Amino acid sequence: MTDSISEHVSRAQVSPADPAGDGALVAPAPAVGHRPRRGIGWRARLEIAVMTGPALAVFLTFVVFPVVMAAYYGFYRWHGYGEPTDFVGLKNYVTILQDGTFVDALKHNAFVVVLSIVLQGPAAVLLALLLNRKMRGQSIIRVLIFVPYVISEVVVGTGWSLLLQSQGAFNDVLQNFGLGHFTQDWLANPSLAIWTLMGILTWKYIGFAVILFLAGLQGIPNELTEAAAIDGASYWQIQRRITLPLLAPTLRIWAFLSIIGALQLFDLVYIIWGQYVASTAGTSTMVTYMVVNGRNAGSYGFGNAVAVVLFVISLVVALIYQRFVLRRDTDGAITGGRV
Amino acid sequence: MAAVTAEAPVVVRPSARVKWGSPTAYFISLLLIGVMMTPVVYIILGGFRTNSQITVDPAGFPHPWHLGNYIDILKGTVFWREVLNSTIAAGATTAGVVALGMMTSFVLARYQFRGRGAMYALFASGLMFPLTVAITPLYIMVKDLGLMNSLPGVILPQIGFGLPTTIIILVPFLRAIPDELQEAAAIDGCSRLGFFWRMVLPLSLPGVITVGILTFIGSWNSYLLPLFLLNDQDSFTLPLGVQAFSSQYSVDTAKVLAFTSLSMLPALLFFSLFERRIIGGLTGAVKG
């Protein structure tokens, strides 16, 4: 999915310069003149309507409309029955921003955002470099590291929470290896739990990063590295001076996806820590806060206000990232998506 | 993607010339595989143990192997009902996303009309509307539509949220089909829609399959939406089922592990069947 962005981007930049390429239907439809955008025939109009109508209907109804409604409901105190009538203005928002639990959740999100990039990025690059070398069993390794990404969050959460129980298999292994004093209550210890969460997240999502980077590496022409090798560059010099810079666009796209994903983090936390423990264990996120204090508490107006805050934060982060980091790659892909 | 990839010279894996530390590479790879696979193996093997085995030796192997957990689950109706629900939800979502996404992408890629850019921007903006933001109003809306506890209530929103990535992947793909093909088809008397059916669909099959698989796995694993919309046990999909099962049998660890491993099998099977497509699809997309 990811790469879509980068690809779309390159397209978006190409297409304006290449009107002929878009002109497409010149021959088959006489009604379409040589210049695009002059009147198109009713037949073409009909085709456009029939072919885009269903998608537009589903998208507007189930994506755009609910997002708009979230903004509307956020101004009400409302329990989900009938029309919202109890208009409270910005009160929900004030409550959210003054609530220490929400600020904690936001901090946890920020922690995950930063650590995901700092830990998973370099690790995934090193692994991709390693797996990009010629070796036996390469394809099976690629498949196996991708397995955790394919397994559902619920399975991952259930499995890991059993593994990491204080009487669980992980501590048992530590003990058997004589590392008994390293055993911990990995899930409940508030100073540790978020690191445990980071570990599980890394385990689950690093395969995706590695596959993405491998794909990026394969796009780098061999001639470059070979030429450098002939000129006497060492392996690490080649990676640092040639491979990494050329991999940068892939890295930037990955980081973007990782940031957005970390801000929306919910499933794993909710499954492992549940609705009550997450905040005391120090692993709550903005979305678990939203679900617990919105839907589970029956305060739908409030839940929607949290959603709006989450959306605004994600949007601001995305725009800043796009403005300062992605600019070279995307040139308006996310905000101004041009065809 | 494939169309683009095919034209590119085949890139051979980087230089075999660098012979540096090959044993290290194997060692790290083995370590990596160990870390990635151990939890999965733990879940599967745990299902073959009894609770007393698990209590006495949490990290041991099954001894003796105990099939009862798996047999109980496979003989019951709960697991199969949830498999069926998940299959229907994922299948219908995939079909919907592919069909609607393909038609829309075709129009966006190969028709000239006013508002095309706006339409593309509208769908692309969907990337910025994650499900988490819309979930509460969606819940209200689906409730008002009377679709609570029914699979269509999950399928329709999933199609909507699947469209942006699908369209973003497919549009460049469809645009990469050379105009000459279309002109040739037109000369042979092929209409625009005929061209869509006879040329575009077959040519874009690799992209469609990639999109389809990603959508299927996404739907198969989805949790937040079913959590909000399906409250009735009969309508549960597998992720909800796993969660319900593990809280219902929280003392019966072995059975929970068996249920969990059975529930991940279909996704793993599906993945291993299409592994080349998924990884190749991601690769091709980035390269293009």
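The expected span of a helix is 1.5 Å times one less than its number of residues. Keep that in mind for helix H8 of chain B in this predicted model. H8(B) covers residues 151-175, and its 25 residues should span 36 Å. Its end C-alpha atoms sit 35 Å apart, which agrees with that expectation.

H8(B) does have a kink, though: about 35° at Leu163(B), shortly before the proline Pro164(B). As for its surroundings, 24 of the 25 residues of H8(B) are buried, so the rest of the structure largely encloses this helix.

**Where the two chains meet**

Helix H3 of chain A (residues 42-73) and helix H7 of chain B (residues 131-144) have axes that come within 8 Å and cross at roughly 100°. That makes H3(A) roughly perpendicular to H7(B). On the H3(A) side, the residues involved include Phe62(A), Pro66(A) and Tyr73(A); they belong to a group that meets residues of H7(B), among them Val133(B), Pro137(B) and Met141(B).

**How far to trust it**

For the complex, the predictor gives an ipTM of 0.80 and a pTM of 0.79. Chain B has a mean pLDDT of 79, and 89% of its residues reach 70 or more. Confidence in chain B is lowest in helix H1 (residues 2-7) and highest in helix H5 (residues 78-110), with means of 38 and 89. Two stretches of chain B have a pLDDT below 50, and the table lists their contacts beyond near neighbours in sequence.

| Stretch of chain B | pLDDT | Contacts |
|---|---|---|
| residues 15-20 | below 50 | 8 contacts |
| residues 284-288 | below 50 | 26 contacts |

Where pLDDT is low, the predicted coordinates shouldn't be read in detail.

How values were computed: Residues are numbered from 1 along each chain as its sequence is written. Chains are lettered from A and ligands numbered from 1 in the order in which they are written. This is a predicted model: local features need pLDDT of at least 70, side-chain atom pairs count only at pLDDT 80 or more; totals for chains, interfaces and linings use all residues. Helices (H or I, at least four residues) and strands (E, at least two) are DSSP runs, numbered from the N terminus. The bend at a residue is the angle between axes fitted to the seven residues ending there and the seven starting there. A residue is buried if 20 or more other C-beta atoms lie within 10 Å of its own, exposed if 12 or fewer, and partly exposed in between; C-beta atoms are placed from the backbone. pLDDT is the predictor's confidence in each residue, from 0 to 100. Two residues are in contact if their C-beta atoms, placed from the backbone, lie within 7 Å. Axes are lines fitted to C-alpha atoms, for helices over the stretch in contact, and angles run from 0 to 180 degrees between N-to-C directions. Angles under 35 degrees count as roughly parallel, over 145 as roughly antiparallel, 65 to 115 as roughly perpendicular and the rest as oblique.
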